[in-house]
Structures are given as C-alpha cells and as structure tokens.
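Student: I am new to this structure. Please take me to one part of it and look closely there, then show me how the rest fits around that part.

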Amino acid sequence: MKSPPETPLLDRVRFPSDLKQIPEEDLPLLAEELRAEMIDAVSQTGGHLGAGLGVVELTVALHYVFDTPHDRLIWDVGHQAYPHKILTGRRDRIRTLRQEGGLSGFTKRAESEYDPFGAAHSSTSISAGLGMAVARDLSGGQRHVIAVIGDGALSAGMAYEAMNNAGALDARLIVILNDNDMSIAPPTGAMSTYLARLASGRAYQGIRDVGKKLTSHLGKTVDRAITRAVEHARGYVTGGTLFEEMGFFHIGPIDGHDLEALVPVLRNIRDHGTGPVLIHVVTQKGKGYAPAEAAADKYHGVAKFDVITGAQAKSPAGAPSYTKVFAQSLVEEAREDDRIVAITAAMPSGTGLDLFEKEFPKRTFDVGIAEQHAVTFAAGLAAEGYRPFAAIYSTFLQRAYDQVVHDVAIQNLPVRFAIDRAGFVGADGSTHCGAFDVTYLATLPNIVLMAAADEAELKHMVRTAAAYDEGPIAFRYPRGEGVGVALPQRGEMLAIGKGRVIREGSKIALLSLGTRLADCLKAGDELEAAGLSTTVADARFAKPLDADLIRRLAREHEVLVTVEEGSIGGFGAHVLHFLAHEGLLDNGLKVRPLVMPDIFMDQAKPEKMYADAGLDAASVVRTVFAALGQAEQAARA
C-alpha cells in the first residue's frame with residue numbers, strides 16, 4: 001500500500017496547471033483531500049454541499065485532462081462548482097463563499113477566467129456551450145468545450161432545444177450528464193466501464209467515421225437507415241438511443257467516482273472525439289460525507305454545520321417563515337375546497353409545498369425544472385374549473401413570462417401565482433433576487449397583483465386568491481421569517497384593489513407595498529419625533545391600485561413617498577402614472593418613489609442590502625427631509 005505524501009497533494013495545486021503535475025495514480029488521494037477541504041469550508045459558510053461532494057472526482061478528472069481555461073468548462077446551475085473553485089485559484093477565498101465581498105455561490109464570469117459562463121438558474125450550459133463551440137469554429141479555433149449538466153436540469157425544455165440544435169449542426173461539443181439520482185439509467189458495473197472506454201477510443205471512432213463516409217456514397221436515405229440501425233443496436237447495450245436520436249454520440253453510463261474509468265474516457269474523447277458527444281456519468285450526491293449521504297436531500301443546501309456530527313446550526317426560535325405560513329394557509333384553504341391544486345417546478349421544500357403534498361398527494365404536482373410547462377399546465381387546470389396555485393420563486397417565474405402572458409393573462413384564466421423570494425435573498429445574491437416581478441406582471445391586463453406586508457397579510461392573500469375566479473391573481477412575499485404578528489386561524493377575504501391606513505397624519509404620507517411596511521412604521525415614529533405628522537399606509541395591491549387611497553394621500557399631504565422591494569418601473573411608477581393623469585402633481589405635491597437600485601447587487605445580509613439600497617427606515621427619513629429641502633436634517637438622519 002502506497003503511503004500518503006508528507007505534504008498534502010492539494011497544497012501543491014493552486015491552478016489546474018499544477019494539477020497536471022500530479023501522477024495519475026495519486027488522483028484518488030487528491031480527490032479525498034479536495035472533498036475534505038470543501039466540507040470544512042462549507043461547514044463555516046453554509047451553502048450547497050451535496051452537489052459539490054458528488055462531482056469531486058469528475059472535477060479533478062476534467063481539469064486533469066483538459067486545458068482549462070483555454071478549453072471552456074461550463075457548469076450548469078453552479079451548485080456543484082465549489083470543488084472547481086478550489087482547484088482554480090480560489091482556495092484561499094473559499095471560506096468567503098456567499099459572504100459579503102466574498103466568492104459567489106455560483107460560477108461568475110467576473111470572478112475568474114475559469115468561469116467562462118455564469119450560472120445559477122438551471123439548464124443553460126448546453127446552449128451556452130454550443131454558442132462557444134460555434135464561435136470557436138467560426139474563428140478557426142481548436143479549443144474543447146465541455147458542458148456539465150445534471151439529470152434534474154434535463155427536465156427543462158431548453159436543454160433539449162440545445163441538444164437538438166447541437167445534433168443538427170454536428171458541432172464538436174462535449175456534454176457531461178451528471179446523473180446523481182440514477183433517474184435515467186443505473187451503471188452496469190465493469191461491463192459498462194469497458195464499453196465506455198471501448199466506444200470512446202480511437203478504433204471505434206475510426207470505424208464509425210469510415211462507416212459514415214462509406215454510407216454517404218450510398219445516398220442520404222440509406223445512410224440514415226444504416227446509421228439508425230447501428231445506433232439503435234448499440235443503444236440496447238449502452239442505453240444511448242435517446243441521445244443518439246438527437247445526434248449525440250453517447251458513452252456510458254460510467255461510475256463518476258472512479259478516476260481510473262473517467263480519465264481514460266475523457267482523454268479518448270479529447271483526442272479522438274468528433275461531433276457532439278454525451279458522456280453519462282453516475283454520481284452520488286453527498287458522496288464521501290456520511291451525514292450528507294444519509295440525509296434525504298443529501299445536504300443539498302446547508303447552514304453552517306459541525307463537521308464531526310453534521311448537525312446544522314439552527315436559527316433562534318422566532319416568527320414562522322413566510323414560506324411556511326403560505327404552505328399552511330394553502331393547506332387550510334384546500335381542506336375547504338377540493339378544487340385547489342398545487343404546482344411546483346422542482347422546489348417542493350423550497351416553496352413549502354412538501355407540507356401540502358403530505359396532506360394532498362394527489363393534488364400536488366412537481367413538474368420538474370420546467371417553469372414554462374408549470375404555468376401552462378396550471379392554465380389548463382384553470383380552464384377546466386380547478387383552482388391551481390403555481391408556487392414559483394420570483395426569479396424563476398421570469399423563465400415563464402411568455403406563458404404568463406400568452407397562456408394565462410390573454411385568456412384571463414384564474415391561475416394563482418404564489419411568488420416566493422420576493423426582494424433581496426441574501427447569500428444567493430443577484431441571480432436569485434426577486435426584483436422584477438411587480439414590474440413585469442403589473443404591465444399585464446387582467447392580472448391582480450398583491451404583496452404581503454407581514455405573515456398575517458399573507459394568510460389573507462392566500463384566501464383571497466383561492467376565492468378569486470375572475471382572472472389571474474398573484475401575491476408576493478420574501479424569504480425568511482415574518483415579523484412576529486399574531487396569525488388568524490384563517491385568512492380574511494380582502495377587497496380587491498383596496499389598501500389600508502395603519503396610522504394617520506397630516507404632512508407626510510408613506511405608502512408601502514410589501515414588507516417594507518415595518519420600516520415605514522419606524523420611519524413614521526422618527527418623523528413624528530421630528531415634528532412631522534406622518535401617515536403610513538399599506539397599499540396591499542400593486543394592481544389594481546387603490547385610486548381613492550392614493551387621491552387622499554396626495555391631496556392631504558405635502559410629501560408622498562412610495563416604498564417597495566422591487567425594481568424601477570413597478571409600483572411607484574404606476575402610482576406616478578396615476579397621479580400625473582389625475583392632475584395631482586400640479587399643486588406642488590412632492591413624490592419620491594423608493595425602489596431597488598438599478599444594479600445587480602451581490603450577496604450580503606438582507607438587512608445590509610436593504611440599507612445599501614436605501615429602503616430601510618433611516619433611508620425613508622432622509623428621503624422625506626430631502627424632499628422638504630431640509631438638507632441639514634437630512635445629513636444628520
């Protein structure tokens with residue numbers, strides 16, 4: 001048995017060029033060290049653990065065989081990219097993952113030349129890789145392009161669109177299918193590995209190319225017939241028929257943790273591959289860390305944890321999360337109405353619908369990573385008289401915007417959109433920030449759009465949406481815990497398009513949409529203390545606007561500040577449009593809309609992000625003083 005080196009192998013590797021100096025027989029030991037380093041780092045920062053643990057050997061093999069960053073290596077989603085970051089010059093910063101000023105939790109072009117394409121939403125890697133491959137060919141380059149995609153991401157239509165295009169172009173592109181749930185095909189042991197090495201080698205590739213050239217002389221029809229017959233026959237042995245039909249040369253499945261199998265196959269494809277190739281590797285999510293292997297979710301996303309026990313740090317007991325309040329409220333409504341069904345796009349626990357599924361398994365539908373399908377599927381249910389709730393994160397609903405417009409809004413179908421993760425999302429940064437939903441939804445005719453100010457309001461909105469059959473209706477709510485208000489047994493029905501006044505004043509009006517209401521109330525206290533009588537109102541609805549409320553606030557106050565957790569063009573813009581057409585800006589009313597800044601903000605603590613964005617209580621007070629021209633007071637605030 002070979003004794004371990006005195007110096008850890010990982011300490012010798014700063015970049016992939018250093019990795020290539022490691023003897024091939026020592027790669028398994030390097031992989032062990034890399035896995036341990038990743039576990040230790042994520043235990044201190046939290047983040048996506050299971051996916052990265054599953055691709056340690058694959059990451060080592062890819063960087064060992066290919067010449068990155070000259071060769072382009074694209075990771076789909078990016079959950080699995082932590083080992084990649086460690087091997088590409090970022091080990092010294094790996095314990096800043098997802099922290100303010102630190103490394104992104106995903107791949108990011110601005111962070112490293114080894115990240116040729118940024119990611120965080122799924123199913124983009126093959127499309128991006130194909131674009132890079134075509135760009136290479138147009139410019140006469142020689143680099144390899146490798147796209148790594150998980151079996152879950154293949155449930156999105158975009159991945160198949162890209163594969164279809166790649167097959168039609170016969171582009172030289174390598175796709176690694178990381179099957180970490182064995183949901184497509186199980187490995188077949190030594191025989192599978194042998195077939196993979198044989199099929200990827202020079203002899204097989206040469207015979208295949210000669211066969212193509214020979215049959216091409218016989219005409220396209222005969223060529224296609226012979227080629228299909230051969231590939232169908234091989235498909236029965238290797239399971240590759242689906243991918244072969246799309247024009248890919250399929251290899252595998254092979255054991256993604258066996259470096260003795262991975263390295264030769266990747267080397268063969270590097271040296272002899274032509275056209276689009278798909279290598280199917282089977283991995284185990286959470287591999288090498290017992291607590292992750294034993295967990296149902298394989299520690300997909302974790303808080304800080306104890307490496308020895310795997311116990312995750314728990315947040316102090318406080319108010320329930322908005323996600324849980326939504327889920328429990330929907331369960332309550334579904335008990336009263338068997339027409340209510342729930343739809344998630346591969347996020348049952350993230351959206352809380354796992355709780356709904358426990359009670360109503362036949363009325364819960366997880367459609368996979370397929371938001372476009374989820375929305376139109378919900379539209380079909382609504383057309384038949386059901387009351388579908390499509391629970392989709394704000395940032396993911398962007399992927400289905402055409403379906404919201406074409407299949408729901410135009411037909412005025414009563415689909416209910418439960419929009420989680422509205423506003424800033426902290427450690428997940430700009431790619432998951434729910435900034436744009438009010439802007440992109442409020443422009444649509446027929447839609448009703450609400451935003452919950454607290455968890456009690458969310459219960460009211462779930463009940464209101466459940467009963468609303470006149471057309472599409474949506475309600476948004478943030479990530480994290482509520483503010484701790486008392487919850488009613490069941491939500492109340494809200495009057496559509498009507499807000500509420502929380503406190504009355506006479507000089508300043510603060511009109512909030514969403515959970516900035518708590519900060520508006522704090523700002524109201526500070527303004528009152530400064531001698532400025534302040535009204536604080538909760539709009540509740542971004543569409544339809546409460547015209548009567550806005551008229552009263554405009555006519556009876558000197559300053560009107562709108563506050564929202566969304567981008568420019570949203571609620572504040574609609575209020576200004578209304579005020580302009582009503583002529584309510586003609587008499588000196590000072591209106592100041594506060595929105596998220598027109599930038600993509602990197603990760604930080606949510607409270608810090610809201611302060612930096614100018615959406616906390618202190619920022620509201622400064623805005624009021626500035627509007628009144630009280631510069632000195634504004635500077636002190």
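Tutor: Start with a charge over a ring. Arg363 lies over the face of Phe360, and the distance to the ring centre is 4.3 Å. Keep in mind that this is a predicted model. Phe360 also has a ring partner, Phe356. The two form a tilted aromatic pair, 5.0 Å centre to centre, with 45 degrees between the planes. Both Phe356 and Phe360 are buried.

Aromatic pairs recur in this model. The count comes to 12. Another of them joins Phe475 and Tyr477. This pair is stacked, with the centres 6.1 Å apart and 20 degrees between the planes. Phe475 is buried, and Tyr477 is too. These two rings belong to one aromatic cluster, together with Phe326 and Phe389.

Phe389 leads to a strand. Strand E8 covers residues 387-393, and 7 of its 7 residues are buried. Look at its two faces. One side carries Arg387, Phe389, Ala391 and Tyr393, and the other carries Pro388, Ala390 and Ile392. Every one of these residues is buried, so both faces of E8 are covered, given that buried means under 20% relative accessible area.

E8 has strand partners. Strand E6, residues 340-344, pairs with E8 in the parallel sense over 5 bridges. Within that pairing, Ile343 has Ala390 as its bridge partner in E8. Strand E9, residues 416-420, also pairs with E8 in the parallel sense, over 5 bridges. Here Phe389 stands opposite Arg416 in E9.

Two loops flank E9. Asn412 is in the loop between helix H18 (401-409) and E9. Its phi is near 55 degrees, a positive value in a residue other than glycine. Asn412 is partly exposed, at 29% relative accessibility. Arg421 is in the loop between E9 and helix H19 (437-442). Phi is positive for Arg421 as well, near 60 degrees, and this residue is not a glycine. Arg421 is buried, with a relative accessible area of 15%.

Now go to a second charge over a ring. Arg516 lies over the face of Tyr610, at 3.8 Å from the ring centre. Tyr610 brings in Glu565. The side chains of Glu565 and Tyr610 are joined by a polar contact of 3.4 Å. The side chain of Glu565 makes another polar contact, with the side chain of Thr515, at 2.4 Å.

Where is Glu565 in the chain? It sits in the loop between strand E16 (559-564) and helix H23 (571-582). Glu565 is buried, with a relative accessible area of 3%. Beyond its neighbours within four places in sequence, Glu565 is in contact with residues including Gly423, Gly434, Arg476, Leu513, Arg516 and Met596. The C-alpha atom of Glu565 is 6.3 Å from that of Val595, although the two are 30 residues apart along the chain.

Glu57 is another buried glutamate, with a relative accessible area of 7%. It lies in helix H4, residues 56-65. A polar contact of 3.0 Å links its side chain to that of His257. Leaving out residues up to four places away in sequence, Glu57 touches Ala31, Arg35, Gly256, His257, Leu259 and Leu262.

Leu259 is also in contact with Leu27. Other contacts of Leu27, outside its neighbours within four places, include Leu19, Ile22, Val60, Tyr64 and Val263. Leu27 is part of the largest nonpolar core, which has 54 residues. Leu27 ranks among those with the most contacts inside this core, along with Leu49, Val60, Leu62, Ile176 and Ile279. Helix H2, residues 27-45, gives the most to the core, with 8 residues. A second, separate core has 51 residues, among them Ala370, Ala374, Val375 and Phe578.

Two cis peptide bonds are worth finding. One runs from Thr68 to Pro69, with omega near 5 degrees. Pro69 is in the loop between H4 and strand E1 (72-75). Another joins Gly252 and Pro253, with omega about 5 degrees. Pro253 lies in strand E4, residues 249-255.

Finally, step back to the protein chain. It has 26 helices and 17 strands. Of its 637 residues, 56% are buried. Among contacts with a separation of 6 or more, 76% are between residues 24 or more positions apart.

Conventions: Residues are numbered from 1 along each chain as its sequence is written. This is a predicted model: local features need pLDDT of at least 70, side-chain atom pairs count only at pLDDT 80 or more; totals for chains, interfaces and linings use all residues. Side-chain values use heavy atoms; hydrogens and water are left out. A nonpolar core is a set of buried Ala, Val, Leu, Ile, Met, Phe, Trp, Tyr and Cys residues joined through side-chain atoms within 4.5 Å. Buried means under 20% relative accessible area, exposed over 50%, partly exposed in between (1.4 Å probe, protein chains only). Helices (H or I, at least four residues) and strands (E, at least two) are DSSP runs, numbered from the N terminus. Contact means heavy atoms within 4.5 Å. A polar contact is a pair of N or O atoms within 3.5 Å; within protein, one must be able to donate a hydrogen and the other to accept it, and residues adjacent in sequence count only if both atoms are side-chain atoms. Rings of Phe, Tyr and Trp (its six-membered ring) pair if their centres lie within 6.5 Å; planes under 30 degrees apart count as stacked, over 60 as edge-to-face and the rest as tilted. A charge sits over a ring if NZ of Lys or CZ of Arg is within 6 Å of the ring centre and within 35 degrees of the ring normal. Two strands pair if DSSP finds at least two bridges between them.
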